[in-house]
Structure formats: C-alpha cells, structure tokens
Amino acid sequence: MKKILLIGKLNSVVNETNKFLSQYFHVQLCSENANVLDGMLKIVNPDLVLISLIGAYDIDTSIFYMLSDKYAQTPILTIGTKEESSTFFKYYEDGQFENLIRPVENTVILNAVCRRLGLDEKEVEREAAEEREKKAHSGKKRILVVDDNGTTLRTMKAMLEDKYEVAVAISGAQAMTSIGKKRPDLILLDYEMPVCDGRMTLEMIRADEELQSIPVVFLTAINDRANIEAVLKLKPAGYFLKPAVKDKLLVELEKILNNGE
C-alpha cells in the first residue's frame, strides 16, 4: 500500500480527506512545521505528499523550498482555492507540484493521487474492497508486534498466533507501513528500539486520528523505577517486562481488547 503524508491544519476538511484516502492508502498526518515535517519525511518516506492550503497565509513557505530541494523526486499535490495557491505558484513550474482547486470531490483527489503515482484507479479500488471484505470475514483479531530483536518477534508470534492474527515489524517505520496495509486491533511495541524508539512510534500513531483508538502495549526489558515511570507517563494501554509470560500476556491482552471486561 502506497504511503501519503497529509500536511495541513486539523479541521473537518483535512479529517474528511484523511478518512477517505485511508481506505486506499496509508495516510500519515503531519503539521506544517518545517522541522516536524522534515523528520516525518525521513521516517515515513512517503510516495506522495498532499498539502491542504486552508489558511495558506499561515503556512511556513520554507516547507515548499525543502520539498522541492531535498525531496524533488516525491510528487506533491496541493489542495486550495486559486487565491490560496497563488502564494506558491512559482513551485508549480517544474511539474513536481500540482494544485487541485477547492472545493474538490474526494473522487477527484483519488484520481489525481493515482495518476501521480502511476496507479490504475480501478485496481486500487478493487484491492481496497477486497481488503475490507477480508477484514469483515476474519474471525481473529489482529495484533502487530514491533521489536528490533528477531528472536523476540518469533517468540511473541509463537505465543499469540493460535488465538490472534499476528503481524510483525522490526522498526517504527516498518510498523507504520504495516498499519497502513492492515489496521491492527492492538499493538505490542518495544520501548527501547534504536533510531525510532517506542515513544516516537507511539507519537506517530497518536498523531493520526484514525489510529488513536488502537490500544498500544509497551514491551520493555529495563525493570527499574525511572524507566517504568517514563513508560507510564505516555499512558499506554499496558506494559510488559521482557520476556513476557505467555499465560499472563494472553489474559491481559484479552482484557484490553474487550475494553477491560
């Protein structure tokens, strides 16, 4: 599933666009802050960037320069009125940037995204429909286990796969890709991963309104008070010390998945 980074102020228009496109792509929301955007681009490595120009006069114009300079191979779609987009006309000259005039139907946005990514729109719609059908008929809930240690991933998968559909990821970035392909019902997340650790991965998940309701349970190998307090400050759905005990893990996950019942 292709990845889209959706940049814009959180409002009803952006939320509606995110909800619609998330049926077909992995969509990650991001603010217009240049430093935040640069970090997200490195982590997500999107196939396309979509920018909402609502409130264009408040947008940091340096993000356009950064996208055209450092990410020249990434197609950019902007959505705005003629007046909103006029501020950025100079960036549209080389073909990397394309503007859709607002108001615009979601189907037109989908068509433009598919065209810029070189995808067959009908094929994208068919695959999305098949995925929804599979999810509707799947009896098992899906758990995503994220850990940079291959042995831990294999062990956790063996513990869980009799009862759950289990997906694994070895990094925060790979976890976001997996979530985009198929939304999990719960995420088991290693707190001490290199580069993009558990805290950063959780922040990315919570930054996306469509993903905020997914319960995240931390796995941590460090059993000291300071570390546990740091984990709990992030308000996860739960945490387990490694190595997890199978029976205790299964009971706790079942409780979380059933909202504490």
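**Talking through the helix packing and the two sheets**

Colleague: In this predicted model, at what angle do helix H7 (residues 150-160) and H11 pack?
Modeller: Two packed helices are described by the angle between their axes and the distance between the axes. For H7 and H11 the axes lie 10 Å apart, and the packing angle is about 65°.

Colleague: So how does H7 stand relative to H11?
Modeller: Angles of 65 to 115 degrees count as roughly perpendicular. The angle here is about 65°. That makes H7, relative to H11, roughly perpendicular.

Colleague: Which residues of H11 make the contact?
Modeller: From H7 come Met156, Met159 and Leu160. By class, the contact of H7 with H11 has six nonpolar, no polar and one charged residues. On the H11 side the residues are Lys246, Leu249, Leu250 and Leu253.

Colleague: Is the crossing of H7 and H11 left-handed or right-handed?
Modeller: We already have the pair at about 65°, with axes 10 Å apart. The crossing of H7 and H11 is right-handed.

Colleague: Moving to the sheet with E6 and E7, what is the order of the five strands?
Modeller: This sheet is open, and the pairing is parallel. Strand E6 (residues 142-146) is joined to E7 by five bridges, and Arg142 stands opposite Glu165 in E7. The full order is E7-E6-E8-E9-E10.

Colleague: Why is one side of strand E7 (165-169) and of strand E10 (238-241) left without a neighbour in the sheet?
Modeller: In the order E7-E6-E8-E9-E10, these two strands stand at the edges. One side of each is left without a neighbour because each has a single partner strand.

Colleague: By how much are neighbouring strands of this sheet turned against each other on average?
Modeller: The strands pair in parallel. With direction ignored, the average turn between neighbouring strands is 20°.

Colleague: Helix H11 (residues 246-257) packs on the sheet, but what angle does its direction make with that of E8?
Modeller: H11 touches E6, strand E8 (186-190), strand E9 (216-220) and E10. Its direction and that of E8 make an angle of about 130°.

Colleague: What kind of unit do E6, H7 and E7 make?
Modeller: E6 and E7 run parallel and are joined by five bridges. Together with H7 they make a β-α-β unit that is right-handed.

Colleague: There's an open sheet with E1 in it too; which strands stand at its edges?
Modeller: That sheet has five strands in the order E2-E1-E3-E4-E5, with parallel pairing. Two of these strands have a single partner strand each, so one side of each is left without a neighbour in the sheet. They are strand E2 (26-30) and strand E5 (97-101).

Colleague: And what stands opposite Leu6?
Modeller: Five bridges join strand E1 (residues 3-7) to E2, and the two run parallel. In E2, the residue opposite Leu6 is Leu29.

Colleague: How are H2 and H3 oriented to each other?
Modeller: H2 and helix H3 (residues 62-70) pack with their axes 10 Å apart, at an angle of about 30°. Angles under 35 degrees count as roughly parallel. H2 and H3 are therefore roughly parallel.

Colleague: How many charged residues are in the contact of H2 with H3?
Modeller: Ala34, Leu37, Asp38, Leu41 and Lys42 in H2 meet Ser62, Ile63, Met66, Leu67 and Lys70 in H3. The contact divides into six nonpolar and one polar, and the charged residues number three.

Colleague: What about H8 and H9, how are they oriented?
Modeller: Helix H8 (residues 172-181) and helix H9 (residues 198-207) have axes 9 Å apart and pack at about 30°. An angle under 35 degrees counts as roughly parallel. H8 and H9 are therefore roughly parallel.

Colleague: Any odd backbone spots? Is the peptide bond from Lys242 to Pro243 cis or trans?
Modeller: Most peptide bonds are trans. Pro243 is in the loop between E10 and H11. For the bond from Lys242 to Pro243, omega is near -5°, and the bond is cis.

Colleague: And what phi does Lys235 have?
Modeller: Most residues other than glycine have a negative phi. Lys235 is found in the loop between helix H10 (225-233) and E10. Although not a glycine, Lys235 has a positive phi of about 55°.

Conventions:
Residues numbered from 1 in each chain as written. Predicted model: local features only at pLDDT ≥ 70, side-chain atom pairs only at ≥ 80, totals over all residues. Heavy atoms only, no water. Pairing = 2+ DSSP bridges. Helix = DSSP H or I, 4+ residues; strand = E, 2+ residues; numbered from the N terminus. Axes fitted to C-alpha atoms, helices over the stretch in contact; angles between N-to-C directions. Contact = heavy atoms within 4.5 Å. Parallel < 35°, antiparallel > 145°, perpendicular 65-115°, else oblique. Left-handed = near helix turned anticlockwise from the far one by under 90°. Nonpolar A, V, L, I, M, F, W, Y, C, P; charged D, E, K, R; others polar. Right-handed = clockwise from strand over helix to strand, strands pointing away.
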